[in-house]
Amino acid sequence: NPCSRTAGRSTNASLTMRRSAPSRFKAMAGHPVTGRIALIDVLFRYDPDSGRGVGPLTLSIEAGEHLGILGPSGCGKTTLLKLIAGLLPNATPQILRGVVRNPFAEVGSETAIGFMFQHPALLPQKTVLENVRFPLLAIPHTVEDEKHADDLLRAVGLADASNLLPEQLSGGMRTRVSMARALLRHPTLLL
């Protein structure tokens with residue numbers, strides 16, 4: 001598999017993982033980042049008879065560490081992020097072996113995970129501001145949360161575009177809207 005990685009070393013030159021040392025990084029909400037993500041001998045296949053998927057892979061990510069995952073199209077980078085986020089749960093039959101531990105993705109966790117999908121995944125009928133605020137529809141929120149969306153649009157340079165629809169934006173602008181939305185809930189983990 002082009003994305004195999006075992007014991008901290010890539011088993012194929014087509015996948016590269018770049019790390020930074022753990023730091024004293026603070027989550028946007030002002031709380032220290034704690035916890036550790038671990039994938040232990042994980043082998044995931046969309047179809048057990050195919051080679052399409054991830055692994056075998058053993059990986060740990062320490063609190064405050066930044067990790068970049070690079071590789072060719074179709075090698076499993078997005079699948080790996082979905083496994084970490086809990087979007088492909090351990091109970092699925094496709095996980096042929098291994099354990100994924102992510103304290104941030106556990107049911108009942110108070111911690112928010114920000115996920116920037118490969119494509120911006122914006123709602124075409126919603127304005128830029130409505131797309132950024134969209135996650136607030138699923139949770140109790142305050143006026144401050146809504147103002148935070150405005151602040152994030154300013155931070156990504158799109159304050160003047162808040163009333164535009166996604167079709168009126170360039171690809172880079174759509175990506176920045178997606179980033180603002182991913183940061184809205186002050187995530188402790190950003191994928």
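Me: Buried means under 20% relative accessible area, exposed over 50%, and partly exposed in between (1.4 Å probe, protein chains only). In which class is His186?

Reply: This is a predicted model, in which local features need pLDDT of at least 70, side-chain atom pairs count only at pLDDT 80 or more, and totals for chains, interfaces and linings use all residues. Residues are numbered from 1 along each chain as its sequence is written, and side-chain values use heavy atoms, with hydrogens and water left out. His186 sits in the loop between H4 and strand E9 (189-190); helices (H or I, at least four residues) and strands (E, at least two) are DSSP runs, numbered from the N terminus. The relative accessibility of His186 is 26%, so the class is partly exposed.

Me: How many helices and strands does the protein have?

Reply: Along the sequence, the elements follow the pattern β-β-β-β-β-β-α-β-β-α-α-α-β. In this pattern α is a helix and β a strand, and the totals are four helices and nine strands.

Me: What share of the exposed area comes from carbon and sulfur atoms?

Reply: Of the 191 residues in the protein, 35% are buried. The protein exposes about 10800 Å², an area from the Shrake-Rupley method with a 1.4 Å probe, where for residues only the protein chains shown count as cover. The share from carbon and sulfur atoms is 54%.

Me: Which elements give two or more residues to the largest nonpolar core?

Reply: A nonpolar core is a set of buried Ala, Val, Leu, Ile, Met, Phe, Trp, Tyr and Cys residues joined through side-chain atoms within 4.5 Å. The largest has 18 residues, of which Ile37, Leu39, Leu57, Leu80, Ile84 and Leu191 touch the most other members. A second, separate core has 16 residues, including Leu122, Leu136, Ala149 and Leu183. The elements that give two or more residues to the largest core are strand E4 (37-45), E5 and helix H1 (77-85).

Me: Is Thr79 buried or exposed?

Reply: Thr79 belongs to helix H1. Beyond four places in sequence, its contacts (heavy atoms within 4.5 Å) are Phe44, Tyr46, Val54 and Leu88. Its relative accessibility is 7%, so Thr79 is buried.

Me: On how wide an arc do the buried residues of H3 lie?

Reply: The 13 residues of H3 (residues 143-155) should span 18 Å at 1.5 Å a residue (taken times one less than the number of residues), and the end C-alpha atoms are 18 Å apart, which agrees. The buried residues of H3 are His148, Ala149, Leu152 and Leu153. They are on the same side of H3, because the arc they cover around the axis (from the directions to the C-beta atoms) is only 140°.

Me: Which helices are part of the cover over the buried residues of H3?

Reply: Val143, Glu144 and Arg154 are exposed on the other side of H3. The cover over the buried residues includes helix H2 (128-133) and helix H4 (171-183).

Me: What kind of aromatic pair do Phe115 and Phe117 form?

Reply: Rings of Phe, Tyr and Trp (its six-membered ring) pair if their centres lie within 6.5 Å; planes under 30 degrees apart count as stacked, over 60 as edge-to-face and the rest as tilted. The count by this rule is one aromatic pair. Phe115 is buried at 14% relative accessible area, while Phe117 is partly exposed at 37%. The centres of the two rings are 4.4 Å apart and the planes 40° apart, so the pair is tilted.

Me: How far apart in space are Phe115 and Met179?

Reply: Phe115 is in the loop between strand E8 (113-114) and H2. Its contacts beyond four places in sequence include Leu81, Ala182 and Leu191. Phe115 and Met179 are 64 residues apart in sequence, and their C-alpha to C-alpha distance is 8.5 Å.

Me: What is omega for the peptide bond between Gly55 and Pro56?

Reply: Pro56 is in strand E5 (residues 53-61) and, at 29% relative accessibility, is partly exposed. Most residues other than glycine have a negative phi, and most peptide bonds are trans. The bond that joins Gly55 and Pro56 is cis, with omega about 5°.

Me: What is the phi of Asp41?

Reply: Asp41 is in strand E4 and is partly exposed, with a relative accessible area of 33%. It is not a glycine, yet its phi is positive, about 50°.
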